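Colleague: I am new to this structure, and I would like a close look at a single part of it. Please choose one element, and then follow the chain outward from there into its surroundings.

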Amino acid sequence: MRYIPYLTFNGHCREAFEFYAKVFDGEIRGMFSHADAPMADEIPEELHGRIMNAYMVADGAELMGADSMPHAGGDVRPAGFCVSIHLED
């Protein structure tokens, strides 16, 4: 079993992960925006730049993250934390 911290950003996930990769000499192994999603035509174009999922590895450690999505009534600030748990079966 692996536990992977999953960070939530308010529109700055790409910049944060690029910074973390540089500082920690890591490798971003995946970063997908809402524009890359199969349902991209159902998402407002102004949100296409937000990250759906980012994944990086640095010195054996893993980190995942995404941008929060604004909801009716304005942006929702990320709060709390998430941990992605990966099981063998």
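Modeller: A residue is called buried when its relative accessible area is under 20%, exposed when it is over 50%, and partly exposed in between. By that scale Glu27, with a relative accessible area of 44%, is partly exposed, and we shall come back to Glu27 after looking at the helix. Please keep in mind throughout that this is a predicted model.

The part I have chosen is α1, and a short outline of the whole will help to place α1. The protein has one helix and five strands, and from the N terminus on the elements follow the order β-α-β-β-β-β. Of the 89 residues in the protein, 31% are buried. Among the contacts between residues at least 6 apart in sequence, 58% join residues at least 24 apart.

Now to the helix itself, whose buried residues are Cys13, Ala16, Phe17 and Ala21. They lie on the same side of α1, because they cover an arc of only 130 degrees around the axis. The general rule behind such a pattern is that an α-helix has 3.6 residues a turn, so residues three or four places apart point the same way. The face of α1 that is turned away from the buried side carries Phe19 and Lys22, which are exposed. As for what lies over the buried residues of α1, the cover includes β1 (2–9), β2, β3 and β4.

Leaving the helix, one arrives at Asp25, which takes a positive phi of about 50 degrees just after α1. This residue lies in the loop between α1 (13–23) and β2 (27–33). A positive phi deserves attention in a residue that is not a glycine, as Asp25 is not; most residues other than glycine have a negative phi. Asp25 is also exposed, its relative accessible area being 69%.

Past this loop comes β2, and here we meet Glu27 again, which forms a salt bridge with Arg29, the closest N and O atoms being 3.4 Å apart. While Glu27 is partly exposed, Arg29 counts as exposed at 51% relative accessibility. The strand β2 is joined to β3 by six bridges, and the two run antiparallel; within that pairing, Met31 stands opposite Ala54 in β3.

The loop between β2 and β3 holds His34. In contrast to Asp25, which is exposed, His34 is buried, with a relative accessible area of 10%. Leaving aside neighbours within four places in sequence, the contacts of His34 include Ala40, Ile43, Leu47 and His48, and also Arg50, Ile51, Met52 and Met69.

From β3 the chain goes on into β4, and these two strands pair in the antiparallel sense over five bridges. One of the facing pairs is formed by Met56 and its bridge partner Leu63 in β4. The hairpin of β3 and β4 has two residues between the strands, and in this hairpin Asp59 takes a positive phi near 50 degrees. Asp59, which is not a glycine either, is exposed with a relative accessible area of 82%.

The strand β4 can also be followed back to the start of the chain, since the side chains of Arg2 and Glu62 meet in a salt bridge with an N to O distance of 3.0 Å. Arg2 lies in strand β1 and Glu62 in strand β4, so this pair ties together parts that are 60 residues apart in sequence. Arg2 counts as partly exposed at 40% relative accessibility. With a nitrogen of Lys or Arg required within 4 Å of a carboxyl oxygen of Asp or Glu, the count of salt bridges comes to two.

Finally, the outer surface: a nonpolar patch is formed there by Met1, Tyr3, Val83, Ile85 and Leu87, with about 570 Å² of accessible area together. Ile85, one of its members, lies in strand β5 (residues 82–86) and counts as partly exposed at 48% relative accessibility. The accessible surface of the protein comes to about 6,200 Å², and 55% of this belongs to carbon and sulfur atoms.

Key: Residues are numbered from 1 along each chain as its sequence is written. This is a predicted model: local features need pLDDT of at least 70, side-chain atom pairs count only at pLDDT 80 or more; totals for chains, interfaces and linings use all residues. Side-chain values use heavy atoms; hydrogens and water are left out. Helices (H or I, at least four residues) and strands (E, at least two) are DSSP runs, numbered from the N terminus. Buried means under 20% relative accessible area, exposed over 50%, partly exposed in between (1.4 Å probe, protein chains only). Contact means heavy atoms within 4.5 Å. Accessible areas come from the Shrake-Rupley method with a 1.4 Å probe; for residues, only the protein chains shown count as cover. Two strands pair if DSSP finds at least two bridges between them. Patches are made of residues with over 30% relative accessible area and no salt bridge: like charges are joined within 9 Å, nonpolar side chains (Val, Leu, Ile, Met, Phe, Trp, Tyr) within 5 Å. The arc is that of the directions from the helix axis to the C-beta atoms.
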